[in-house]
Amino acid sequence: MTTSATAGLSGADFERFREYFYKRTGIQFTESKRYFVDKRIETCIKQGGFAGFNAWFSALRLNDRPGLLQELINQLTVNETYFLREDYQFDSLLKTVLPDVLAARGGVNRMTGPVKILSLPCSTGEEPYSIALRLLEEWDQIEHVDVEIHGADIDSDVLERAAHASYGERSLQRVPMAWRAKYFAPAGAGRYRLDAGIRDAVTLHQVNVCDTPAMRSFRDFDVIFCRNVLIYFDELSSRRAAENLYGALRPGGYLFLGHSESMSRISPIFTPSRLPEGIVYQRPSGGLR
């Protein structure tokens with residue numbers, strides 16, 4: 001058993017931690033992630049001023065110090081993203097999915113309520129802001145249809161960064177220079193801040209997609225982007241997340257997953273649709289469409 005903050009976890013401690021974190025988040029780490037987990041826990045122990053793993057883990061489990069679990073989640077969640085990532089799916093959104101959504105809801109002149117789009121996990125905001133930019137620049141119905149864009153993530157740190165919306169060159173590498181000049185302002189040190197009008201167009205939430213009671217507040221979305229997160233869940237958590245996403249969609253609503261993910265391996269509740277740009281999953285509409 002470890003006593004130092006820097007000696008790494010013993011096998012038994014890793015198993016105790018892994019079981020606890022899975023129960024709280026639905027995220028399960030395999031042995032291949034051992035080094036990553038060890039380093040992040042070391043950081044939590046040092047930042048918390050604990051003598052070692054046992055003291056830190058005891059405080060975590062007993063909730064002795066508010067914020068320990070959230071700090072841990074923030075350390076262990078992966079936030080690799082950039083603007084216009086895998087944008088062939090945004091092509092599908094514009095060319096096929098949104099026209100289909102409008103038609104299913106009775107057309108532009110008859111539909112009630114906004115078109116609702118959710119990005120989950122949204123990380124530092126690049127995905128929901130990319131959706132906003134693509135709609136503004138390329139969707140011919142944007143002047144006629146109310147659109148709500150929501151971003152959600154389990155990590156409170158990335159949500160703060162999403163709200164601030166300041167980005168470096170790596171995040172902006174795929175943003176056309178004309179868009180950068182139009183929607184971003186230099187913020188110093190090679191960073192650019194997104195226009196306040198775009199920032200305000202995206203509503204941010206903190207939620208765990210595996211938390212069924214919390215996910216019940218997400219309803220009637222027409223489109224959900226949930227990319228590159230289900231691969232971190234085991235079978236049970238993936239199925240629970242799929243069911244929560246299903247509940248958040250309108251009947252007939254669309255779900256985009258990451259290019260390496262397949263809902264067919266997780267749950268049969270969605271109907272796969274092969275679009276010209278790739279596969280998207282649809283909540284059945286009760287046989288109406």
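How many salt bridges does the rule find across the interface of domain 1 and domain 2? In this predicted model, the rule finds zero salt bridges across that interface. The two parts concerned are given by the domain assignment of the protein as domain 1, residues 11–76, and domain 2, residues 87–283. Their centres, taken over C-alpha atoms, are separated by 30 Å. Nine residues from domain 1 and twelve residues from domain 2 take part in the contact.

The interface can also be described by its area and its polar contacts. About 850 Å² is buried between domain 1 and domain 2, and carbon and sulfur atoms give 42% of that area. Eight residue pairs, both members at pLDDT 80 or more, are found in polar contact across the interface. On the side of domain 1 that touches domain 2, H1 and H4 each supply at least two residues.

Helix H4, which spans residues 68–76, also has buried residues: Leu68, Glu71, Leu72, Ile73, Asn74 and Leu76. The elements that cover these buried residues include helix H1 (11–25), helix H2 (34–48), helix H3 (53–62) and helix H7 (156–164).

The cysteines remain to be considered. The structure holds zero disulfides. For Cys44, the nearest cysteine sulfur is that of Cys210, 20 Å away. Cys44 is buried, as its relative accessible area is 0%. Cys210 is likewise in no disulfide, and the nearest cysteine sulfur to it, that of Cys226, lies 9.1 Å away. Because its relative accessibility is 7%, Cys210 counts as buried, the cut-off being under 20% relative accessible area.

Definitions and conventions. Residues are numbered from 1 along each chain as its sequence is written. This is a predicted model: local features need pLDDT of at least 70, side-chain atom pairs count only at pLDDT 80 or more; totals for chains, interfaces and linings use all residues. Side-chain values use heavy atoms; hydrogens and water are left out. Buried means under 20% relative accessible area, exposed over 50%, partly exposed in between (1.4 Å probe, protein chains only). Helices (H or I, at least four residues) and strands (E, at least two) are DSSP runs, numbered from the N terminus. Contact means heavy atoms within 4.5 Å. A disulfide is a pair of cysteine sulfur atoms within 2.5 Å. Domain bounds come from an automatic or database domain assignment. Buried area is the accessible area (1.4 Å probe) that two parts lose on being put together, summed over both. A salt bridge is a side-chain nitrogen of Lys or Arg within 4 Å of a carboxyl oxygen of Asp or Glu. A polar contact is a pair of N or O atoms within 3.5 Å; within protein, one must be able to donate a hydrogen and the other to accept it, and residues adjacent in sequence count only if both atoms are side-chain atoms.
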